[in-house]
Amino acid sequence: MLIPHHLLETDTLIRLIEDFVTREGTDNGDETPLETRVQRVRQALECGEALILFEPDSQQCQLMAKRDVPKEWLD
């Protein structure tokens, strides 16, 4: 299920993004400050380059690049 980012409370969205950008393997040695990485992801969400997916069975959210989301989910 896709969740429009603008439906989330601001604090919830920020915590979700922070969780994403601080996960092991997502920084690839990037020394960019946390605030900058959060802002980049937020901009990607706002311009539609990234999407929030919610898996009801596991109750887990994840962020994905729009290009990686199955096309049938975007209809």
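Reader: Let's start with the cysteines in this model: how many disulfides does the count come to?

Author: Keep in mind that this is a predicted model. A disulfide needs two cysteine sulfur atoms within 2.5 Å of each other. By this rule, the count of disulfides comes to 0.

Reader: And how far from Cys47 is the nearest cysteine sulfur?

Author: Cys47 is in no disulfide, and its nearest cysteine sulfur belongs to Cys61. Cys61 is in no disulfide either, with the sulfur of Cys47 as its nearest. The distance is 19 Å.

Reader: Is Cys61 buried, partly exposed or exposed?

Author: Buried would need under 20% relative accessible area, and exposed would need over 50%. Cys61 has a relative accessible area of 30%, so the word for Cys61 is partly exposed.

Reader: On to the helices. How do you describe two packed helices?

Author: You want two things, the angle between the axes and the distance between them. For helix 1 and helix 2 (residues 34-46), the axes are 9 Å apart. The packing angle is about 110 degrees.

Reader: What do we call helix 1 and helix 2, roughly parallel or roughly perpendicular to each other?

Author: Angles from 65 to 115 degrees count as roughly perpendicular. Helix 1 and helix 2 pack at about 110 degrees. Therefore these two helices are roughly perpendicular.

Reader: Which way does helix 1 pass helix 2, in a left-handed or a right-handed crossing?

Author: Look at where helix 1 passes helix 2 in the model, and the crossing is right-handed.
On the helix 1 side, the contact includes Leu13, Ile14 and Phe20. Helix 2 brings residues including Leu34, Val38 and Leu45. By class, the contact has 1 polar and 3 charged residues, and the nonpolar ones number 9.

Reader: Leu34 just came up. Which residues is Leu34 in contact with, leaving aside its neighbours within four places in sequence?

Author: Leu34 lies in helix 2. Its relative accessible area is 34%, which means Leu34 is partly exposed. Leaving aside neighbours within four places in sequence, the contacts of Leu34 are Glu18, Val21 and Thr22.

Reader: How about His5, is it buried or exposed?

Author: You'll find His5 in the loop between strand 1 (2-3) and helix 1 (10-21). Leaving aside neighbours within four places in sequence, His5 is in contact with Leu13, Leu45, Glu46 and Ile52. With a relative accessible area of 18%, against a cut-off of under 20%, His5 is buried.

Reader: What separates the C-alpha atoms of Glu46 and His5 in space?

Author: Glu46 lies in helix 2, and at 52% relative accessibility it counts as exposed. Along the chain, Glu46 and His5 are 41 residues apart. Their C-alpha atoms are separated by 7.7 Å.

Reader: Which residues does Gln62 touch, not counting those up to four places away in sequence?

Author: First find Gln62 in strand 3 (residues 60-65). Gln62 is partly exposed, because its relative accessible area is 41%. Not counting residues up to four places away in sequence, Gln62 touches Leu51, Ile52 and Leu53.

Reader: And how far apart in space are the C-alpha atoms of Gln62 and Glu9?

Author: Along the chain, Gln62 and Glu9 are 53 residues apart. In space, their C-alpha atoms are separated by 16 Å.

Reader: One more: what is the phi of Gln59?

Author: Gln59 is found in the loop between strand 2 (50-55) and strand 3, and at 55% relative accessibility it counts as exposed. Most residues other than glycine have a negative phi. Gln59 is not a glycine, yet its phi is positive, at about 60 degrees.

Technical notes
Residues are numbered from 1 along each chain as its sequence is written. This is a predicted model: local features need pLDDT of at least 70, side-chain atom pairs count only at pLDDT 80 or more; totals for chains, interfaces and linings use all residues. Side-chain values use heavy atoms; hydrogens and water are left out. Helices (H or I, at least four residues) and strands (E, at least two) are DSSP runs, numbered from the N terminus. Buried means under 20% relative accessible area, exposed over 50%, partly exposed in between (1.4 Å probe, protein chains only). Contact means heavy atoms within 4.5 Å. Axes are lines fitted to C-alpha atoms, for helices over the stretch in contact, and angles run from 0 to 180 degrees between N-to-C directions. Angles under 35 degrees count as roughly parallel, over 145 as roughly antiparallel, 65 to 115 as roughly perpendicular and the rest as oblique. A crossing is left-handed if the near helix is turned anticlockwise from the far one by less than a right angle, and right-handed if clockwise. Ala, Val, Leu, Ile, Met, Phe, Trp, Tyr, Cys and Pro count as nonpolar, Asp, Glu, Lys and Arg as charged, and the others, Gly among them, as polar.
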